[in-house]
Every structure is written in C-alpha cells, then in structure tokens.
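Here is a short report on how one chain is put together. Look at the sequence and the model first, then read on.

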Amino acid sequence: MRIIPSTNTIRKSILLYRLLKYRKGHGVHSPFAYNLITKVIDERCLYYSFNEIELVRKQLLQDTTLVTYRDRKGRQRTHTIAKAARDEAITPKQGALLFRLCNYFKVKHILQIGSSVGLSTLYLTSYSSQVNCITLEDSSGLAEIARVVYNRMSKAIDLRVGKVEETLSDALQAMEQPDLVYFNINSQPYDVLRLFKQCAGCADTHTIFVVHGIKSDKYMRQCWKSMCVDPKVRVSMDLYHMGLLFFNEKLHPQHYKVYF
C-alpha cells in the first residue's frame, strides 16, 4: 500500500482543490480580474488558427531528425525533434491561453524569452498579422527547430540566438516598450529574477508578463514569489502552471489563485 502519494496524485489533488475553490472567478470582486478570468482564462472557444498550429505540432512529433539542445532543466540533450517537441513544447491548452491574452488585450509588441520549439510563438502571434515579436533563445538546437516552425506558418519572427543575458538588452532597446513579455524559461542556469527585473524596468501600465513553469521546482517557486511582491506589480494571477503579472497602477494590489 502506498503511504506517500505520488507526485502526479498530489498535483491532481491540488488542481481539484483549485477547481472547487477558485473556478469561474469565485470570490473575485475586481471587475478587471473577474472579466479576465471569465472572458479569457475560462474561455474554451476554438479559434481559426489553432488547427493550423496543432498540425505543425503533429509534423514535429513525426520528425526523427536528431538535434542537440538544452532542456528546461538546463541539461544538454541529444534526441529526435519528435521527443524535443513532446518534452519541451507548450501544451495546446496553455498555447490557447496565450492566444486569448494577446487577442483580449490587442497586444502589438511581444518579447519572448525562450522560444522552445516555436509553437508558443505561433500562439502568441497568430491573432493578428500586425504583431511584432522578438524571440530570444540560447539553444541553437531549439532555435533551429523554431525557425522551421515559423517558416511553415510563414511567420516573420525576429529570432535572436545567443546567451539571453547578452541579447535581452538589445531586444528591449529595439522594442522600446513591450506589451507582453513571455518568460518561457524555468531552469537554474538562468538568473530568471534578474531577467524579470530588467524587463520590469521597461514595463508600462498596459504591460503584461506571462511566466511559464512557476511551480516547476523550488527555484521557480521562489522567483514567482519575488516577482509578485515587486513594487511595480499590481496584480498577479497564479494559474499553477503559469503566472500572469500586471503593472497598471490604477488596479488595486491583489494576488489571485485561479483554476486553469
């Protein structure tokens, strides 16, 4: 008999608790937060571009070409593109949320830190052909896959390869003021909190930060807590797998846990 529940069982129990306590904006009084939860986070409509993006995913999952890349834990790996896509790519559910966020807030300028295999970039940019996106990736293997993905969807993405700590300053200067910053990295080789503070220095009242993997390990849990108490952050939303940060000074400071 199992005395200590498995990790997967614990995770499912936490998500069930969130479902019962935090679903559908329960207990949320802020109009901004309530509308965001009910109209964006809880929305389940399928948009026109989702099938196209998922078709690209299927193509990646059938690709047996070997590629060397650094995974989310900072480990150097040599696997097929299919395995890299299976292990590193954003899920369809999470990708759909990125799309809805950009669509709801009419985001025009996006900075993505960590391209992974490129599927998340497609979800971020597909709501409009007018989106300007700069993506930073320090793994040449993942960048190679991402380029193929962008070309398949005819996306003009400014993909910059190199150490993120070195490419971020130029990207922020080129973009001047991003509408949305997506932190798609969660491994300890990165100083995630320092990258956050550098981006927060350019944040405006309309800026949105999306942080992937806020519960992935102890390091990222600590980073997320530090981000939430940053003086510039007004509202944070803990979606368990992802976190949202808002900088609008007109919003009442509040930290939410949301079922997603």
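At what angle do helix H9 and helix H10 pack, and how far apart are their axes? H9 (residues 192-200) and H10 (residues 218-228) pack at an angle of about 25°, with axes 9 Å apart. That makes H9 roughly parallel to H10, a label for angles under 35 degrees, while over 145 is roughly antiparallel, 65 to 115 roughly perpendicular and the rest oblique. Axes are lines fitted to C-alpha atoms, for helices over the stretch in contact, and angles run from 0 to 180 degrees between N-to-C directions.

This is a predicted model: local features need pLDDT of at least 70, side-chain atom pairs count only at pLDDT 80 or more, and totals for chains, interfaces and linings use all residues. Residues are numbered from 1 along each chain as its sequence is written, and side-chain values use heavy atoms, with hydrogens and water left out.

## Overall make-up

The chain has 10 helices and 10 strands. These are DSSP runs numbered from the N terminus: helices are H or I with at least four residues, strands E with at least two. Of the 260 residues, 51% count as buried. Buried means under 20% relative accessible area, exposed over 50%, and partly exposed in between, with a 1.4 Å probe and protein chains only. Take contacts between residues at least 6 apart in sequence: 68% of them join residues at least 24 apart. Contact means heavy atoms within 4.5 Å.

## Two helix pairs

H9 passes H10 in a right-handed crossing. Right-handed means that the near helix is turned clockwise from the far one by less than a right angle; anticlockwise is left-handed. H9 contributes Val192, Leu193 and Phe196 to the contact, and H10 contributes Tyr219, Met220, Cys223, Ser226 and Met227. Seven of these residues are nonpolar, one is polar and none is charged. Here Ala, Val, Leu, Ile, Met, Phe, Trp, Tyr, Cys and Pro count as nonpolar, Asp, Glu, Lys and Arg as charged, and the others, Gly among them, as polar.

H2 and H5 pack at about 125°, with their axes 10 Å apart. That makes H2 oblique to H5. Their crossing is right-handed. On the H2 side the contact uses Phe32, Asn35, Leu36, Lys39, Val40 and Ile41; on the H5 side it uses Leu97, Arg100, Leu101, Tyr104 and Phe105. The split is eight nonpolar, one polar and two charged.

## The sheet

Eight strands form an open sheet with mixed pairing, in the order S5-S4-S3-S6-S7-S9-S8-S10. Two strands pair if DSSP finds at least two bridges between them. The edges are S5 (158-161) and S10 (254-257), each pairing on one side only. Neighbouring strands are turned by 15° against each other on average, direction ignored.

S3 and S4 pair in the parallel sense over five bridges, and Ile113 stands opposite Leu136 in S4. S4 (residues 132-137) is mostly covered, with five of its six residues buried. Towards the S10 edge, four bridges join S8 (residues 235-238) to S10, and the two run parallel. Val235 stands opposite Gln254 in S10.

Helices lie on this sheet. H5 (residues 92-105) lies across S3 (109-113), S6 (180-183), S7 (208-212) and S9 (242-246), running at about 15° to S9. H9 touches S3, S6, S7 and S9, and its direction makes about 175° with that of S6.

## Three buried residues

| Residue | Place | Relative accessible area |
|---|---|---|
| Ser49 | loop between H2 and H3 | 2% |
| Ile185 | loop between S6 and H9 | 4% |
| Asp238 | strand S8 | 5% |

Which residues does Ser49 contact, leaving aside its neighbours within four places in sequence? They are Phe99 and Ser126.

Ile185 touches Ile113, Gly114, Tyr190, Val192, Leu195, His212 and Met220, not counting residues up to four places away in sequence. Its C-alpha atom is separated by 6.6 Å from that of Arg72, 113 residues apart along the chain.

Asp238 and Lys215 are 23 residues apart in sequence. Their C-alpha atoms are 9.5 Å apart in space.
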